[in-house]
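Work through the exercises below with the sequence and the 3D view at hand. Each task is followed by a stepwise solution.

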Amino acid sequence: MLEVVFSDSAAGTMAVAIGHKGFLGGATSVIISDGTVSKEEIEKFQHQAEERERSGWENAIPLEGNRKDIVNLPLALSVGNISEAGICLERESALSLLLSILPDMASEIVTELLNTSRKNYATLLEKAQNGEPIRVWVGREPDDVCGLYWLLEQLRPIGFEKLDVTIVELPMWETRPDGCIVQYNGWGEVEPYHLGRMASLGKKLPTNYLRSLANRWRELQQENSPLRAVINGKLVSVSETLYDTFILRELDTLDDEFKESVLVGQVLGKNPLGIGDGWIALRVEQFIKEGLLVPITTPAPNAPIYHRMLKKIKYANCKCKLDTCTVELSESERRSGWKPLASVLGDAAAAFGCVNRVEELVKQLLRGAVAKLLARPSVQFISCSQDILSRESLNGHALRNEGSKQPVVTFVLGTFPRGVGMRKVDCTAPVLDLTERRELRAVVHGNGLEDL
């Protein structure tokens, strides 16, 4: 039977599990959240860990098989372009992006990962065509779920009715004999002596289910978003900004000058997102490009790029962040380092003065305080999800309530600059007048925007 996993850590766990029937020993780590411990206490913790492992191996159900049957496909399929089949240049680009956080080693690691994947993939196809059973070990991480869906799409030419595929899903939690509750983030965290028992919990997938998962991968290929995630148990295409909320929340807890590694560690430690440090570090790089943060030290040679100090940049209270913004800074704000930032909205916002001005004018119109909003340019709101008015323009065209499937929610408020796009259009007519305001107001209020 072929044992399919999607990470080096899971493959390592599998290699230890297959063929071993006794206590192995190894390193033991103890995390102390407060205070210090004596040498005697450390030795006690170490002894307890060794006894737990010894007992685990003594009572383990052996995982039968051969290490040569471990098929490791560490392709990070939750990230990057997936439009092509097989293992092509797109995967090399995605892996290179993720591993760019290790600039001195990225090329070597990417080459190794691709060579491992391509060799194992060829073996898998050959043996699957000969009827070899396949057991796929799937965790809750996006890479694992993407790996399963991708794998089944690659096996489609063989014929789903000819495949013998069993899936072993990572348990949500387990209870140890001592009453301790254990939650695993991935198969690489599971003690090897548990794998034999967990293998017995595998479920054979029926033909139609295999087909449905492969079909879902085709849909994801057509969407081809920069990122995929598991949300409410479903694999979906998402924006590259999905995890920004978690990063920004932890950023708020840190001093103005902080270690980037602490930020990355807090995000991953407090939030079981199923992703690694690579994507978090890349998003922080984007924050640096946008001017939210600035590096004040450089990493040591061979260290990840996030082994450095960063400094927060403060901005004026105006949301527009335009270099041309007329919002005046107080003397205390200037002394504190506050400054405007060039906006990603560009000339469209500048033509109205600033985003705050656009927002305030539309709010006044919806309240009835002004009769019309002039088209200096008009403002177009572009949906980034089903929760925002989609492809409707305030450029003289009436806004119609097309039923419950046309939610408006945050089409003006609260999403600048990421959730709302703005651009100029040539338009001489008023953007919106009183005859349209009542209908628009009803749609807005029907979707919960009561604070206008």
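**Exercise 1.** Determine which residues of helix 9 meet which residues of helix 10.

Solution. The model is predicted. Start on the helix 9 side: E260, L263, V264, V267 and L268 make the contact. Their partners in helix 10 are D277, I280, A281 and V284. Now sort by class. The contact has seven nonpolar residues, two charged ones and no polar ones.

**Exercise 2.** Describe how helix 9 and helix 10 are oriented to each other.

Solution. Take the axes. Those of helix 9 and helix 10 (residues 277–289) come within 10 Å. They cross at roughly 125°. Next, apply the cut-offs: 65 to 115 degrees is roughly perpendicular, and over 145 is roughly antiparallel. The angle fits neither class, so helix 9 and helix 10 are oblique to each other. Finally, the hand: the crossing of helix 9 and helix 10 is right-handed.

**Exercise 3.** Is E260 buried or exposed, and what is E260 in contact with?

Solution. Locate E260 in helix 9, which spans residues 260–270. Check accessibility. E260 has 0% relative accessibility, and buried means under 20%, so E260 counts as buried. Then list contacts, leaving aside neighbours within four places in sequence. E260 is in contact with A281, V284, I305, Y306, R308 and L310. Of these, A281 and V284 also appear on the helix 10 side of the helix contact.

**Exercise 4.** Classify C146 and C180 by accessibility, then count the disulfides.

Solution. C146 is at 0% relative accessibility, so C146 is buried. C180 is at 34%, so C180 is partly exposed. A search of the whole structure gives zero disulfides.

Key: Residues are numbered from 1 along each chain as its sequence is written. This is a predicted model: local features need pLDDT of at least 70, side-chain atom pairs count only at pLDDT 80 or more; totals for chains, interfaces and linings use all residues. Side-chain values use heavy atoms; hydrogens and water are left out. A disulfide is a pair of cysteine sulfur atoms within 2.5 Å. Buried means under 20% relative accessible area, exposed over 50%, partly exposed in between (1.4 Å probe, protein chains only). Helices (H or I, at least four residues) and strands (E, at least two) are DSSP runs, numbered from the N terminus. Contact means heavy atoms within 4.5 Å. Axes are lines fitted to C-alpha atoms, for helices over the stretch in contact, and angles run from 0 to 180 degrees between N-to-C directions. Angles under 35 degrees count as roughly parallel, over 145 as roughly antiparallel, 65 to 115 as roughly perpendicular and the rest as oblique. A crossing is left-handed if the near helix is turned anticlockwise from the far one by less than a right angle, and right-handed if clockwise. Ala, Val, Leu, Ile, Met, Phe, Trp, Tyr, Cys and Pro count as nonpolar, Asp, Glu, Lys and Arg as charged, and the others, Gly among them, as polar.
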